Amino acid sequence: MPNASSATRPSGPSPARVLRIGGLLALAAVVLLFPSLAPDPFILSVGVVILSYAVLATSWNLVGGFTGYISLGHAAYSGLGGYATALLILRSGLNPWLALLVGALIVALIAIPVGIASLRVRGASFVIVSIALVLILQLTFQSWHTFTGGSGGLRVPRPFGPDVLRPEQHERFFYLHAVLLTLALLTWWLIERSRLGAGLKAIREDEDKAQALGVPTFAYKLTALVTSAFFTALGGGLYALWFGYLDPIFQFSILVGTYMVLMSLLGGVRSLFGPLLGAVVVGYAVEVFKSQYGDTQFHLVATGILLGLVVLFMPDGVIPAVTSFLNRRRRAASIREVSAEELARQRADKQREEATR
Amino acid sequence: MTGALFAQSLVLGILLGGLYALLAAGLTLYFGVMRVVMIAHSAFLILAAYLAWYFHERTGIDPLLSLVVTVPLFFVVGYGMQRFLVSRLRPISLTTMSVLLTFAVALTIEGLLGFVWTGTQRRVQLGYSGMSIEVAGVSIAVVKLIAFGLAAVSLGALYLILRRTSFGRALRATTQHPEAARLVGIDTDRVAGLGFGLGLATAAVGGTALALDYTIYPSLHWHWIGPLMAIIVVGGLGSIPGAAIAALLLGVAASLLQVPLGTTWAQTVFYLALFVTLMIRPQGFFGGRLAQRF
């Protein structure tokens with residue numbers, strides 16, 4: 001946990017801090033060096049896909065992790081981001097990078113009414129609306145031939161000239177995705193330290209109490225959703241510029257939304273790097289699976305079973321499981337982040353102890 | 001739109017609405033007893049349709065008879081699912097985690113259906129498939145009438161179980177206030193399990209009805225879960241009469257809009273209704289206190 005206090009220690013950087021900074025530097029080095037280490041363009045393209053998943057999962061976590069409101073339909077925002085970017089380039093001749101930004105802003109605007117409709121009541125309606133949104137978008141983008149190209153798909157013009165070859169394309173987009181990922185992570189980190197973040201986490205733990213304490217729950221939830229939609233749309237748009245082709249079936253796919261949830265949950269929704277870790281694991285598995293077995297129905301079964309297992313046995317993810325294991329060994333941290341659920345359990349344990357005494 | 005066409009669409013809408021009503025009642029049951037949004041409901045619906053199709057394919061007997069097997073089977077599976085999967089989730093995050101869990105089940109079922117029977121579209125061919133009867137200028141396909149009959153009978157049975165039996169009273173008590181129900185001696189865990197079984201049994205009935213009249217394929221369940229979830233929100237989460245009324249109204253609306261707009265755009269009426277309901281009355285039109293909190 002980032003706020004494990006070091007107040008009791010003598011001055012100077014604590015070992016935990018050194019470890020954390022070292023880890024960050026190592027992570028940055030791996031990302032920076034990956035393109036030159038990748039043996040062939042295919043591996044590099046897998047790297048781009050994994051980074052793209054990491055962007056999407058981290059963006060998802062801006063709403064899912066902070067508020068605990070699970071969206072199964074975030075593919076709606078990434079798909080819309082892709083289409084908005086492509087259509088702005090094709091129909092209004094905008095510069096591709098400007099189109100990417102404007103497209104994401106449009107998607108953020110679209111997320112506002114969606115949020116108003118789905119966030120006034122608690123979790124159940126939010127999930128229902130999120131799924132409905134993907135289904136309705138898939139339906140309309142498939143049928144609206146004149147505007148979106150319909151089920152035939154839409155070709156996205158390349159932002160770089162024809163002289164930039166494929167491997168070079170992959171490398172540039174790898175770094176672009178890395179920049180976007182850094183921005184998303186930075187946003188998460190800043191929100192976590194802000195009043196907004198504290199309010200959002202209070203909503204996650206107990207919305208009634210948060211409201212009673214004066215947290216403007218609805219406004220906070222809406223802010224989180226719109227920010228998340230914005231970054232998700234940027235991720236979708238950047239991916240569209242790289243991939244060069246949009247098909248409504250894959251853009252507005254329930255499965256893509258599921259991957260975002262699975263990655264975040266597996267890595268841990270409460271930690272900054274959880275979704276990134278989940279994206280590396282799940283993204284790599286998905287790509288290997290595809291190249292080994294092709295597009296069979298079996299990846300649905302595998303995704304379904306993995307999601308079920310994570311939900312049943314590891315709903316807090318890998319990172320919290322490991323940190324709590326380490327904390328138990330050190331018994332050090334003086335101020336820990338405790339969820340309402342853990343508190344209730346501790347209290348119940350104490351009561352039971354007292355009762356038996 | 002001519003009068004005859006209008007009458008035709010209206011009748012078709014009511015027939016379709018009946019099926020929606022039965023399936024939405026099942027979804028409402030799960031939500032009532034456990035506060036669970038059961039995404040896998042329509043995946044089980046398609047599974048039952050596949051079982052009916054396969055039964056007919058292998059034996060040549062009328063697929064309706066597969067109900068004798070699928071209804072008890074699904075009841076047991078539903079009971080087991082509640083007792084062994086859903087009840088393991090932590091109560092504090094039950095609603096959201098159960099969505100993910102049942103979603104995972106839905107993906108698994110869809111994948112297995114494609115794995116076992118491939119993605120090929122399937123359709124049951126019966127002696128009476130093409131038959132229709134004509135009443136006052138409106139022609140109604142016999143299979144649609146049977147499907148509606150099945151749905152109506154099952155809904156009636158469900159109503160009688162909930163209103164007239166002591167189990168029904170226990171189930172309604174559990175829905176209204178689980179703690180109070182436990183205090184008066186109701187084994188709410190068992191009731192919740194049985195409620196789940198009952199809900200899944202509606203998917204078995206619905207799936208058989210579906211197999212009579214529709215071409216089925218593994219990913220078809222997404223076309224059903226969207227409208228069904230819209231229906232339970234519009235009707236008010238947890239209210240069975242609300243779900244039934246919303247199902248009939250929206251079924252008729254979709255059917256009427258199909259004439260000028262075509263099938264795809266007519267489907268959007270469900271999502272539009274969902275959106276409008278959440279905007280102006282988030283607890284739905286017939287939901288009680290329960291719906292306001294979810």
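**Exercise 1. In which hand does H2(A) pass H7(A) in their crossing?**

Solution. The model is a predicted one.
Step 1. Identify the pair: helix H2 of chain A covers residues 41–67, and helix H7 of chain A covers residues 166–193.
Step 2. Take the geometry. The two helices pack at an angle of about 20°, and their axes are 9 Å apart.
Step 3. Angles under 35 degrees count as roughly parallel, and H2(A) and H7(A) are therefore roughly parallel to each other.
Step 4. Read the hand: the crossing of H2(A) past H7(A) is left-handed.
Step 5. Sort the contact residues by class. There are 18 nonpolar, 9 polar and 2 charged residues in the contact of H2(A) with H7(A).

**Exercise 2. Describe how H2(A) packs against H13(A).**

Solution.
Step 1. Helix H13 of chain A spans residues 274–293. Its axis and that of H2(A) come within 8 Å and cross at roughly 135°.
Step 2. That angle makes H2(A) oblique to H13(A).
Step 3. H2(A) passes H13(A) in a right-handed crossing.
Step 4. List some of the residues that meet. From H2(A) they include A:Val46, A:Tyr53 and A:Trp60, and from H13(A) they include A:Pro275, A:Gly283 and A:Glu287.
Step 5. By class, the contact of H2(A) with H13(A) holds 12 nonpolar, 4 polar and 1 charged residues.

**Exercise 3. Find which helix of chain B gives the most residues to the side that touches chain A.**

Solution.
Step 1. Count the contact: 40 residues of chain B are in contact with 38 residues of chain A.
Step 2. Find the elements of chain B that give two or more residues to this side. They are helix H4 (94–117), helix H9 (221–235) and helix H11 (263–280).
Step 3. H4(B) gives the most, with 16 residues.
Step 4. The side of chain B that touches chain A has 26 nonpolar, 10 polar and 4 charged residues.

**Exercise 4. Work out how H5(A) and H11(B) are arranged across the two chains.**

Solution.
Step 1. Helix H5 of chain A covers residues 123–143, and it packs with H11(B) at an angle of about 150°. Their axes are 10 Å apart.
Step 2. Angles over 145 degrees count as roughly antiparallel, and H5(A) and H11(B) are therefore roughly antiparallel to each other.
Step 3. The crossing of H5(A) and H11(B) is left-handed.
Step 4. Among the residues that meet are A:Ser125, A:Ile136 and A:Ser143 in H5(A), and B:Trp265, B:Tyr271 and B:Leu278 in H11(B).
Step 5. This contact of H5(A) with H11(B) has 8 nonpolar, 5 polar and no charged residues.

**Exercise 5. Check the span and burial of H1(B) and of H9(B).**

Solution.
Step 1. Helix H1 of chain B, residues 3–34, has 32 residues. From its first C-alpha to its last, H1(B) reaches 45 Å, close to the 46 Å expected at 1.5 Å a residue.
Step 2. Of the 32 residues of H1(B), 23 are buried, so this helix is largely enclosed by the rest of the structure.
Step 3. B:Arg35 follows H1(B), and its phi is positive, near 60°.
Step 4. H9(B) has 15 residues and should span 21 Å at 1.5 Å a residue; its end C-alpha atoms are 21 Å apart, which agrees.
Step 5. In H9(B), 13 of the 15 residues are buried, so H9(B) is largely enclosed by the rest of the structure.
Step 6. H9(B) is followed by B:Gly236, with a positive phi near 100°.

Conventions: Residues numbered from 1 in each chain as written. Chains lettered and ligands numbered in written order. Predicted model: local features only at pLDDT ≥ 70, side-chain atom pairs only at ≥ 80, totals over all residues. Axes fitted to C-alpha atoms, helices over the stretch in contact; angles between N-to-C directions. Helix = DSSP H or I, 4+ residues; strand = E, 2+ residues; numbered from the N terminus. Parallel < 35°, antiparallel > 145°, perpendicular 65-115°, else oblique. Left-handed = near helix turned anticlockwise from the far one by under 90°. Nonpolar A, V, L, I, M, F, W, Y, C, P; charged D, E, K, R; others polar. Contact = placed C-beta atoms within 7 Å. Expected span 1.5 Å × (residues − 1). Buried ≥ 20, exposed ≤ 12 C-beta atoms within 10 Å, placed from the backbone.
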